[in-house]
Amino acid sequence: MDRRHPPEQGPEEELMRALYREHAGPLLAYVMRLVAGDRHLAEDVVQETLLRAWRSASRLDPAARSLRPWLVTVARRVVIDGHRGRMTRPPETGPAALEQLPAEDELDRALRMMTITDALDDLTESHRQVLIETYFKGRSTTEAAACLGVPPGTVRSRVFYALRSLRIALEERGVTS
């Protein structure tokens, strides 16, 4: 591409450059009033407005006296849509608020898992199997019964006694009271 001669522009590009030159400044001033002086938000709204104009360039009448009323209407609607969107979503927080949240400590998680594994080892094989099928694999009583080859009532009974034994094993390790 020869840099001394700019590429020829199509009618849409010419229209967009003309719209920007003629309307971007006044549109920014108008939007600044709508967004209570938030310059970054106002610039975003003007950019979105001009982007919508570019998308609608084939429907815009370049021979019209002025496209500013259309641009102002679009900008106002963009501001309204943004306001409505912020009202329906929870407010955004900055990184400072996130720094105050306690992070999950991987060491604590690992110790907790080791303690639970150790407590599971204290259970009988049938109690351990029924807890693994129902709690860790997420199977229903009927599904666990089919996997273990026992009746569903037996699975329910074993789950009851296994949880009681697991609670005692964890209490011995100081995990629960």
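Reader: At a relative accessibility of 25%, does Arg158 count as buried, partly exposed or exposed?

Author: The general idea is to set the value against two cut-offs: under 20% is buried, over 50% is exposed, and partly exposed lies in between. Arg158 has a relative accessibility of 25%, so this residue counts as partly exposed. The model is a predicted one, and Arg158 is found in helix H8.

Reader: Which residues does Arg158 touch, once its neighbours within four places in sequence are left aside?

Author: Contacts of this kind show what the fold brings together beyond the local chain. For Arg158 they are Ser126, His127, Val130 and Val150, with neighbours within four places in sequence left aside. The pair formed with Ser126 is instructive: the two residues are 32 apart in sequence, yet their C-alpha atoms are 7.5 Å apart in space.

Reader: How should one read the overall architecture before turning to pairs of helices?

Author: One begins with the elements and their order. The protein chain has eight helices and zero strands, and its pattern along the sequence reads α-α-α-α-α-α-α-α. Buried residues account for 25% of the 177 residues. Of the contacts between residues at least 6 apart in sequence, 56% join residues at least 24 apart.

Reader: At what angle do the axes of H6 and H8 cross, and within what distance do they come?

Author: The angle between two axes is read together with their separation. The axes of H6 and H8 cross at roughly 105° and come within 9 Å. H6 is therefore roughly perpendicular to H8. On the H6 side the contact is made by Ser126, His127, Val130, Leu131, Thr134 and Tyr135, and on the H8 side by Val155, Arg158, Val159, Tyr161, Ala162, Leu163, Ser165 and Leu166. By class, this contact has nine nonpolar, four polar and one charged residues.

Reader: Which residues of H6 are buried, and against which helices do they pack?

Author: The general principle is one of helical periodicity. An α-helix has 3.6 residues a turn, so residues three or four places apart point the same way. In H6, the buried residues are His127, Arg128, Val130, Leu131, Glu133 and Thr134. They pack against H5, helix H7 (141–148) and H8.

Reader: How does the length of H6 compare with the span expected at 1.5 Å a residue?

Author: Such a comparison sets the end-to-end distance against the ideal rise. H6 covers residues 125–136, and its twelve residues should span 16 Å; the end C-alpha atoms are 15 Å apart, which agrees. H6 is followed by Gly138, whose phi is positive, near 70°.

Reader: Is the charged residue Glu133 buried or exposed, and what does it contact?

Author: A charged residue is best read by its accessibility and its neighbours together. Glu133 lies in helix H6 and is buried, with a relative accessible area of 9%. Apart from neighbours within four places in sequence, Glu133 is in contact with Gly138, Arg139, Ala144, Cys147 and Leu148.

Reader: How do H7 and H5 each pack against H8?

Author: Each pair is read by angle, distance and the residues that meet. The axes of H7 and H8 come within 8 Å and cross at roughly 105°, and H7 is thus roughly perpendicular to H8. Thr141, Ala144 and Ala145 of H7 make the contact with Pro152, Val155 and Arg156 of H8. These residues divide into four nonpolar, one polar and one charged.

Helix H5 (residues 106–121) packs on helix H8 (residues 152–172) at an angle of about 125°, with the axes 9 Å apart. H5 is therefore oblique to H8, and H5 passes H8 in a right-handed crossing. Thr115, Ile116, Ala119 and Leu120 in H5 meet Leu166, Ala169 and Leu170 in H8. The residues of this contact comprise six nonpolar, one polar and no charged.

Reader: Where is Ala36 placed, and what is its phi?

Author: The sign of phi is worth checking in residues other than glycine. Ala36 has a positive phi, near 55°, and sits in the loop between H1 and helix H2 (39–55). With a relative accessible area of 74%, Ala36 is exposed.

Reader: Does His23 count as buried or exposed, and which residues is His23 in contact with?

Author: Again, accessibility and contacts are read side by side. His23 is found in helix H1 (residues 11–34) and counts as buried, at 3% relative accessibility. Beyond neighbours within four places in sequence, His23 is in contact with Ser66, Leu67, Arg68 and Leu71.

Note on methods: Residues numbered from 1 in each chain as written. Predicted model: local features only at pLDDT ≥ 70, side-chain atom pairs only at ≥ 80, totals over all residues. Heavy atoms only, no water. Axes fitted to C-alpha atoms, helices over the stretch in contact; angles between N-to-C directions. Helix = DSSP H or I, 4+ residues; strand = E, 2+ residues; numbered from the N terminus. Parallel < 35°, antiparallel > 145°, perpendicular 65-115°, else oblique. Left-handed = near helix turned anticlockwise from the far one by under 90°. Contact = heavy atoms within 4.5 Å. Nonpolar A, V, L, I, M, F, W, Y, C, P; charged D, E, K, R; others polar. Expected span 1.5 Å × (residues − 1). Buried < 20%, exposed > 50% of the residue type's maximum accessible area, 1.4 Å probe, protein only.
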